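Trainee: I am new to this structure and would like a close look at a single part, the nonpolar core, together with whatever surrounds it. Could you take me through it slowly?

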Amino acid sequence: MNRNKFILQIALAIFLILIAALAGQLRKVQKEWRSAVRIMPGASEPYVVFDPNQVDETRENNAPEVLVKFRPGVSGDAITQITTRLNDRVEDEIESVPGLAAIDDLDNVDAESISAEYRALPEVEYAEPSYEISLDHDGGGFKHLHPNDVRFSEQWALDNDGRNGGKEGADIGALRAWVTSTGDDDIVVAVLDSGVDYNHSDLQNNIWVRPDNIKQYEDRELGSIEDVHGYNAVENTGDPMDENGHGTHCAGIIGAEGGNEIGISGVNWKVKIMALKFMNAGGFGTAKNAIEAINYVIDRKRAGVNVRVISASWGTRLPSRALEDVIRKAHEAGILFVAASGNDGANTDKSPQYPAGYDVGNLISVAALNRKDELASFSNYGAKSVHLAAPGANILSTWLGNTYEEHSGTSMATPMVSGVAALVLSKRPQLSVDELRSILLRSVDKIPNLNGKVSTGGRISAAKAVGAE
Amino acid sequence: MALTKEEAIQKARQDLAQRLGVSESDIEAQSVETADFPDTALGASVADEMSGQMITPGWRIRLGANGETFEYRANQHQVRLYNYKSGNYRI
């Protein structure tokens, strides 16, 4: 090789190295710009609360965008190959959870799409966006965690800022509670209702799926039922798809996926909803089918499913000894039963509503509040027979057809309490059902106008129940 | 299939005619108004029936025959006869 040619090759190599370095800088600048845009009010996430005086304590500008859990046995080399193929890179491995990695996207693709791309791979157990959140503090010095769900500002029950005639702070204290926990998908809540639209985009990631190690449901009379998401007691099948909307609404209050940039946030951002259908398209069902569905829940608990709460937003004036007995069996199985007190505007100490009126140790009966912290005009009450109140008027939640609707009723107040129960369990999974019930009842926010109306005299408090204040 | 208000009124009229043993033409639609009912059974549960405790919009249909007034409740899913001889009936 002659001297001139050698110098030319050295110069070319230096030039290429400079180009590569410049490209790297540009990518970094691009990522920082994209991160900055994400938290600008009025930009792609207009409902994320952002105070320029506050520092986002939860993310760095170049934070990873997707959390991916690879299946056991997928090697580090295989993970690298997958991420390289998708033009991503492993930003960090989460050592405490084998197979879990924070993935940094190198394309201009939104986190939900990337998550979906990974979820479709056979090597992947689950994938979810690394939630974009912001922290701030309220006047009392408590930290707040705000989700970026685009209609969160309409969810007065979770954060009542006084708009639309509401009373500031008349909510369940979700923002303060979420600093402590946003839920855990190891906790299963059974929504015993008209079924659930398990395909709703704000619910589908939080719908229970029977694990491979749990055998499908066997009923002595009906035989084997392939229960993927729950059970349909109306038609005795494994498909609990909702045809009414009521169950889907209740499910969204408990666990619409939080921090996913769409729709609303449930009381739990992460949880598993077991869908149970015993009411038909009209929204009514029989005690016998309710009993069949509760029996299914108890069976699944005994089979190893961590179902801890049954949410029951329904009722009747007529008692059923058999229904009471099966709720007692749920108590023995360690399952909390949360029930709607009813919508007759009546005193249920004198005129009981069931199942809310049964004197069973695992039962919580729930009245409904409006956004002014007043007992809703329709809500039943009872100093002995109703335990606590929760927001239940003009509640926005998921509905059929991938939509959202506002509805009112003790039906809506009930899943608020079920959701808080799941949130408490996400922090303290070892709690017994009696301990859990006691915490929920003892931690209410006392409301003067509930004196003599509900036994605790208060509104459910997620913040106090999880120990955030 | 979802019921329209007109279809609900017609079903109510047919039901009442049958119950009373009169001609449909003898039944007068006294009033039809939108209403919020206390539950998904429109506040007219039948025995052994559980219903969602959600305020449910629908129509209150008042029909007159034989000098009496009868109340039906309906929405897109159902028609019910309310408080007839101390009971409710799903049509």
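Mentor: A nonpolar core, as the term is used here, is a set of buried Ala, Val, Leu, Ile, Met, Phe, Trp, Tyr and Cys residues joined through C-beta atoms within 7 Å. Please keep in mind throughout that this is a predicted model.

The largest core holds 110 residues, and the members that touch the most others are A:V191, A:I273 and A:V420. Helix α8 of chain A, residues 410–427, gives this core its largest share, which is ten residues. Apart from this core there is a second, separate one of twelve residues, and B:A8, B:L16, B:F70 and B:Y72 are included in it.

Let us begin with A:I273, one of the residues just named for touching the most other members. When neighbours within four places in sequence are left aside, A:I273 is in contact with A:V189, A:V191, A:V196, A:L203, A:N206, A:I207, A:W208, A:A251, A:I254 and A:G255. Among these partners, A:A251, A:I254 and A:G255 also appear in the list of buried residues of helix α5 of chain A. That helix, residues 246–255, is mostly covered, since ten of its ten residues count as buried.

The loop that runs between α5 and β11 (270–277) of chain A is where A:I262 has its place. With 17 other C-beta atoms within 10 Å, A:I262 is partly exposed, because a residue counts as buried from 20 such atoms upward and as exposed at 12 or fewer. Not counting residues up to four places away in sequence, A:I262 touches A:D149, A:V150, A:S201 and A:D202. A:R85, by comparison, is 177 residues away from A:I262 in sequence, and their C-alpha atoms are 28 Å apart in space.

Now turn to A:V191, another of the residues that touch the most other core members. A:V191 stands opposite A:S311 in strand β13 of chain A, and the strands β7 (residues 183–193) and β13 of chain A are joined by four bridges and run parallel. A:S311 in turn stands opposite A:V338 in β15 of chain A, where four bridges again join β13(A) to β15 (residues 336–340), also in a parallel arrangement. All six residues of β13, which spans 307–312 in chain A, are buried, so this strand is largely enclosed by the rest of the structure.

From here we can step back to the chain as a whole. Chain A has ten helices and 21 strands, and 49% of its 469 residues count as buried. Of the contacts in chain A between residues at least 6 apart in sequence, 71% join residues at least 24 apart. The chain is divided into domain 1, residues 66–129, and domain 2, residues 153–465, and the centres of these two domains, taken over C-alpha atoms, are separated by 33 Å.

Another sheet of chain A is open and has four strands, in the order β2-β3-β1-β4, with antiparallel pairing. Its edges are formed by β2 (88–93) and β4 (124–129), each of which has a single partner strand, so one side of each is left without a neighbour in the sheet. Five bridges join β1 (residues 66–70) to β4 of chain A, and A:F70 stands opposite A:V124 in β4(A). Helix α2, residues 76–85 of chain A, lies across β1, β2 and β3 (100–105) and runs at about 140° to β2(A), while helix α3, residues 111–119, lies across β1, β3 and β4 at about 180° to β4(A).

Finally, consider chain B and where it joins chain A in a sheet. Chain B has one helix and six strands, and buried residues make up 40% of its 91 residues. An open, antiparallel sheet of three strands has the order β12(A)-β2(B)-β14(A). Here β12 (284–286) and β14 (314–315) of chain A stand at the edges with a single partner strand each, so one side of each is left without a neighbour in the sheet. Two bridges join β14(A) to β2 of chain B, residues 49–52, and in β2(B) the bridge partner of A:G315 is B:S51. Helix α6 of chain A, residues 287–303, lies across β12 of chain A together with β2 of chain B, and runs at about 80° to β12(A).

Key:
Residues are numbered from 1 along each chain as its sequence is written. Chains are lettered from A and ligands numbered from 1 in the order in which they are written. This is a predicted model: local features need pLDDT of at least 70, side-chain atom pairs count only at pLDDT 80 or more; totals for chains, interfaces and linings use all residues. Two residues are in contact if their C-beta atoms, placed from the backbone, lie within 7 Å. Two strands pair if DSSP finds at least two bridges between them. Axes are lines fitted to C-alpha atoms, for helices over the stretch in contact, and angles run from 0 to 180 degrees between N-to-C directions. Domain bounds come from an automatic or database domain assignment.
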